[in-house]
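I opened the model to look up how its nonpolar side chains and aromatic rings pack. My entries follow.

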Amino acid sequence: MGKQGYSEFICPILQPADTQSELIMMEQAQLDDQPDRSGFNQHYQEKVSDLTGITDPEAYIKAFEKRNRPFHQGGRLKGYAQRLALRTLCDRCAELNLDYKDITVVDCGYGRGALSVYLACKGFNVIGVDISETARSNATEMASKIGTVNEHCRFLAENLENTSIDENSVDFIVGYGALHHFIKYPGVPSEFQRIMKPGAEAYFVDAFGENRLFHLFHNKEEMQRLGDVILNKKLIENYFSNFDLTLTPTDWFTMLDKLWFKLLPRRFAPMVRKVSKVSFSLDRLIPEGSRLALYLSGVCFTRIRKI
């Protein structure tokens, strides 16, 4: 693939929405993961989790859950959607009467390793998969400092299309901000089918771009450098066509939090959190199941189940 063709593909924000699927079909077969490896190695070179340094598992759980609160409660942007994914995981375990120590969870695109380590602290057996060697080094170092977490958590630097994970061995797959990275690799759904147990589920939380207004919030330079894809309903449905799929929109008015942070100095953060509380309350009044709600949403919780 020529340089121009690859650039056009990895920055679909420059493409009309109805051409994205065509670009994937035409160019995916030739896509090389080397640009992603190089890009993410550079990306994580100077970025480690802000939870690095915590050595007590209970303290780590508390710190992680604090940042996974909704933004107005002191958490991070997308905190509500991320907490929703974790709550769904735990609720599903309760429904099936599963003990965490007997469950294997794959964390796709673990990045700094914060989610993987949290799940391991909770007692899950975690396998992190990320394309970056630098990410693996950073995440492994963080996990090694927290009690016996290393016994429940291991990190791989592998392409999700071809992992070393055993067949039919995975109970759940999770990913925070990962789907918009790996959706351009056509072999990932087949690999999920291979490693997931029958009935196993996967949960992904990502920014959603059905509404072009939210494209204004994206870091276009970083997206192009890392090969990100702007997600929409059609792309996700086509990608996971062999799974049971549920798309749950989560953020509407709270997307304005990003706008305030772009316009206002950081010292106004307490005021933005107060405004966010109102936005969050309005968001909870919006019926999630409507097509309009999905279109207007800036964040989407994707849930798939192996048939």
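**Nonpolar cores**

I looked up Val-117 and found that Val-117 touches Tyr-60, Met-142, Ala-143, Ile-146, Val-149 and Phe-155, leaving aside residues up to four places away in sequence; contact means heavy atoms within 4.5 Å. Apart from the largest core lies another of 34 residues, including Cys-108, Ile-127, Phe-182 and Val-188.

This is a predicted model, where local features need pLDDT of at least 70, side-chain atom pairs count only at pLDDT 80 or more, and totals for chains, interfaces and linings use all residues. Residues are numbered from 1 along each chain as its sequence is written, and side-chain values use heavy atoms, with hydrogens and water left out.

I listed the largest nonpolar core (buried Ala, Val, Leu, Ile, Met, Phe, Trp, Tyr and Cys residues joined through side-chain atoms within 4.5 Å): 38 residues, with Tyr-60, Phe-64, Val-117 and Leu-119 having the most contacts inside it. Buried means under 20% relative accessible area, with a 1.4 Å probe and protein chains only.

**Aromatic rings**

I searched the whole structure for aromatic pairs (Phe, Tyr or Trp ring centres within 6.5 Å, Trp by its six-membered ring; planes under 30 degrees apart are stacked, over 60 edge-to-face, the rest tilted) and got 13. Tyr-110 and Phe-155 make a tilted pair, 4.8 Å centre to centre with 55° between the planes. Tyr-110 is buried at 5% relative accessible area, and Phe-155 is buried at 8%.

Phe-240 and Phe-243 pair edge-to-face, at 5.8 Å and 90°. Both belong to a cluster linked by ring pairs, with Phe-182, Phe-192, Phe-204 and Tyr-239.

Conventions. Buried means under 20% relative accessible area, exposed over 50%, partly exposed in between (1.4 Å probe, protein chains only).
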